[in-house]
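Open the model in your viewer and keep the selection panel at hand. The tour goes stop by stop.

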Amino acid sequence: MEHVPWARDLARHLLAEPLPTRWAHVQGVGHTAEDIAHIVGDDTDLLICAAWLHDIGYAPDLTKAGFHPLDGARYLRDVEGADERLVRLVANHSCALIEARNRGLAEDLATEFPSPADFVLDALTFCDMTTSPTGEPMNLDQRLAEAFQRYGDGHLVTRSLTEARPQLEASAHRVLAALGR
């Protein structure tokens, strides 16, 4: 758990003041990760750090490509010198490659940050996709319905989440099974 305070403090520094609602979401994701981290074995620290850092790419000072997983991962790699697995988790959380493809950024994401495609990524995706924008727990169906309503029909995010839904559901199923739920 030695890196968790660093991750939490960095996310707070980047998000709390400029984006308080995003910070509330990140806090909820971080707390969910802390609650379920035992299911990832030796990767508890990695999961919790990724949860705290997954949305730092929304920080106004980090926005370069305009796609938060890519912007956050580049910052972690280039400025913070973060662990490669952590950076790849941030870059690929919640089926980011699908939205990256829809934004014309798939080659950049896949080349710079190949997906770890492992259970820690499933757990991170679960934490993100079961936390409301204000940090409250919700199930995956509620989270998707909220996002669809917020973005509206035809929006790139709505289309991307619709395409990603089977993968999101599979990740949630694997995590819930590991939790015995």
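The stops below cover one buried aspartate, the cysteines and two pockets.

**Before you start**

This is a predicted model, in which local features need pLDDT of at least 70, side-chain atom pairs count only at pLDDT 80 or more, and totals for chains, interfaces and linings use all residues. Residues are numbered from 1 along each chain as its sequence is written, and side-chain values use heavy atoms, with hydrogens and water left out.

**Stop 1: Asp55**

Select Asp55. It sits in the loop between helix 3 (44–53) and helix 4 (68–78). Helices are DSSP runs of H or I with at least four residues, numbered from the N terminus. Asp55 counts as buried because its relative accessibility is 2%; buried means under 20% relative accessible area, with a 1.4 Å probe and protein chains only.

Now add Arg22. Its side chain and that of Asp55 are joined by a polar contact of 2.9 Å. Such a contact is a pair of N or O atoms within 3.5 Å, one able to donate a hydrogen and the other to accept it; residues adjacent in sequence count only if both atoms are side-chain atoms.

Show the surroundings next. Beyond the neighbours within four places in sequence, Asp55 is in contact with Leu15, Arg22, His25, Val26, His68 and His93. Contact means heavy atoms within 4.5 Å.

**Stop 2: the cysteines**

How many disulfides does the structure hold? Zero. A disulfide is a pair of cysteine sulfur atoms within 2.5 Å. Select Cys49: its closest cysteine sulfur, in Cys127, is 13 Å away, so it is too far for a bond. Cys49 is buried, at 3%. Move to Cys95. Its closest cysteine sulfur is also in Cys127, at 14 Å and too far for a bond. Cys95 is buried, with 14% relative accessibility.

**Stop 3: the largest pocket**

Select Tyr58, His68, Glu99, Tyr151 and Val157. Of the 28 lining residues, these are the closest to the centre of the largest pocket. About 440 Å³ of space lies there. A pocket is an open set of points on a 1 Å grid over the protein atoms alone, where a 1.4 Å probe fits, with protein on both sides within 12 Å along at least five of seven lines; lining residues have an atom within 4 Å of a point. Volume is the space filled by probe spheres set on the points, which are joined across faces, edges and corners.

**Stop 4: the second largest pocket**

Its volume is about 240 Å³. Return to Cys95: with Asn92, Ser115, Leu121 and Gln167, it is among the residues closest to the centre, out of 16 in the lining. Color helix 10 (156–178) last. Helix 10 gives the largest share of this lining, four residues.

Note on methods. Helix = DSSP H or I, 4+ residues; strand = E, 2+ residues; numbered from the N terminus. Buried < 20%, exposed > 50% of the residue type's maximum accessible area, 1.4 Å probe, protein only.
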